[in-house]
Amino acid sequence: MRRLIGVTAVLMLLLAGCSSASGSVDTVAVTGAAGTVPTLEFKHPLTVRHPETREIWAGNGPTLGDGASVLMNYIAEDAQNGDLVGETYSTGPLPMAVTVDALGQDLYDAIKGRRVGTRLVHVTPAASNDESALVVVIDLLPTRASGEPVAPRPELPVVTLADDGAPTITVPASPPPTSLVVQPLIKGLGPQVASGQSLVVQYTGVDWADGSVVDTTWAAGKGPFTTEIGLGKVIQGWDEGLVEQTVGSQVLLVIPPELGYGDKTLVFVVDILAAAGKPVPASTATATAPPTPGPTPSATPTAAG
């Protein structure tokens, strides 16, 4: 099998074509339910002269306008022989912005105006004589929590959501709790998060003392954040509070100083957008965790755009 190439290299190939029409995409059959890795079937070799996109199904989420944030899962195969070239289903989706600069003109035209939840099949010609044409299936995933609302306990901070899902956190005047509080606000319908997996999340965090924002992915120019969970890559309050939650959930975390930054009580609202990768045994996760406090959640943020 052809050696797998990295995510960046696959995207460079996807962005390389010039726009026109072709019938080759209509010969590609795509099967697989939403939330699963799609299967591609096409006759080898598939001649791809021009980029083209076909909608496998339409989503029912928000329409992706110019500049919108989106998560993209994809699987790419070599049009010559069907070999796997690259995929994100095992590593986690890519946060992207719907802009020409981020996607290139062809993918921008293919994605802009689609609704979240849509699955597309896209063909693109070879970028050079040394490369092959690609057949790619793309899933457009949400950048906010979705599921069943959960009524929070009345003594906890109040969370209100903007139209785009960005949370505002209002902290009560009472003293903060002294132990970790984990309160789901939305119960997602996806699988449970396990230690060692890669998570894609949106979040806002505030200081309990004065309600000031300490960090957020919802600010302009930022976007979903990707990290491993349960391995000490983020503060301990995240590692303890997000494991065993379900994908799609929105979780309120009240984190005492010893499980966070070390000098303040923190309140985070975290939207769990995706989880990928193999879990690790709990003993491994515990053994590799550094002393608290760990690094802050934004130590290595992944920005969209």
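What follows is a working chat about aromatic pairs, a buried acid, nonpolar cores and salt bridges in a predicted model.

Me: Let's start with the rings. How many aromatic pairs are there?
Reply: The count comes to 5 aromatic pairs. One of them joins Tyr203 and Phe225, whose ring centres are 5.8 Å apart and whose planes stand at 80°, so this pair is edge-to-face.

Me: Where do Tyr203 and Phe225 lie?
Reply: Tyr203 belongs to strand β13, residues 198-207, while Phe225 belongs to strand β15, residues 225-228, so their pairing ties together parts that are 22 residues apart in sequence.

Me: And are those two buried or exposed?
Reply: Tyr203 and Phe225 are both buried, and for Tyr203 the relative accessible area is 0%.

Me: What about Tyr203 and Phe268, how are those rings arranged?
Reply: The ring centres of Tyr203 and Phe268 are 5.9 Å apart with the planes at 65°, and an angle over 60 degrees counts as edge-to-face, so this pair is edge-to-face. Phe268 sits in strand β17, residues 266-276, and Tyr203 in strand β13, so the pair ties together parts that are 65 residues apart in sequence. Phe268 counts as buried, with 0% relative accessibility.

Me: Which residues make up the aromatic cluster with Tyr203?
Reply: One aromatic cluster is formed by Tyr203, Phe225, Trp238 and Phe268.

Me: OK, on to the nonpolar core. Which residues touch the most other members in the largest one?
Reply: The largest nonpolar core has 20 residues, and those touching the most other members are Trp238, Leu242, Phe268 and Val270. Trp238 and Phe268 also belong to the aromatic cluster.

Me: Which elements supply at least two residues of that core?
Reply: They are β13, α3 (236-242), β16 (250-255) and β17, each of which supplies at least two residues. Strand β17 gives the most, with 4 residues.

Me: What does Leu242 touch?
Reply: Leaving aside residues up to four places away in sequence, Leu242 touches Val193, Leu199, Ile229, Val251, Leu253, Val270 and Ile272.

Me: Is there anything to say about a second core, and which residues are in it?
Reply: Another core, of 19 residues, lies apart from the largest one, and among its residues are Leu64, Ala76, Val85 and Leu107.

Me: Back to Ile229 for a second, where does it lie?
Reply: Ile229 is in the loop between β15 and α3, and at 0% relative accessibility Ile229 counts as buried. Not counting residues up to four places away in sequence, Ile229 has contacts that include Val193, Leu199, Trp238 and Leu242. The C-alpha atoms of Ile229 and Pro279 are separated by 9.6 Å, although the two residues are 50 residues apart along the chain.

Me: Switching to charges now. Which side chain of opposite charge is nearest to Asp271?
Reply: That is Arg144, which is 5.7 Å away, and Asp271 is buried yet has no salt bridge. The cut-off for a salt bridge is 4 Å between a side-chain nitrogen of Lys or Arg and a carboxyl oxygen of Asp or Glu.

Me: So what does the side chain of Asp271 make a polar contact with?
Reply: The side chain of Asp271 makes a polar contact with the side chain of Gln250, at 2.9 Å. Asp271 has its place in strand β17, and, with residues up to four places away in sequence left out, its contacts include Arg144, Val201, Trp218 and Ser249.

Me: How many salt bridges are there, then?
Reply: The count comes to 5 salt bridges. In one of them the side chains of Glu55 and Arg114 meet, at 2.9 Å from N to O. Glu55 lies in strand β3, residues 52-57, and Arg114 in the loop between α2 (100-111) and β7 (119-124), so the pair ties together parts that are 59 residues apart in sequence. Glu55 is partly exposed, with a relative accessible area of 35%.

Me: What about Asp215, which residue does its side chain meet?
Reply: The side chain of Asp215 meets that of Lys222 in a salt bridge, at 3.3 Å from N to O. Asp215 is buried at 8% relative accessible area, whereas Lys222 counts as partly exposed at 29% relative accessibility.

Me: And how far apart are the closest N and O atoms of Glu228 and Lys233?
Reply: They are 2.5 Å apart, and Glu228 forms a salt bridge with Lys233. Glu228 is partly exposed with a relative accessible area of 32%, and Lys233 also counts as partly exposed, at 43% relative accessibility.

Technical notes
Residues numbered from 1 in each chain as written. Predicted model: local features only at pLDDT ≥ 70, side-chain atom pairs only at ≥ 80, totals over all residues. Heavy atoms only, no water. Phe/Tyr/Trp six-rings, centres within 6.5 Å; stacked < 30°, edge-to-face > 60°. Buried < 20%, exposed > 50% of the residue type's maximum accessible area, 1.4 Å probe, protein only. Lys, Arg positive; Asp, Glu negative; His and termini not counted. Polar contact = N/O pair within 3.5 Å; in protein donor to acceptor, adjacent residues only side chain to side chain. Contact = heavy atoms within 4.5 Å. Core = buried A, V, L, I, M, F, W, Y, C linked by side-chain atoms within 4.5 Å.
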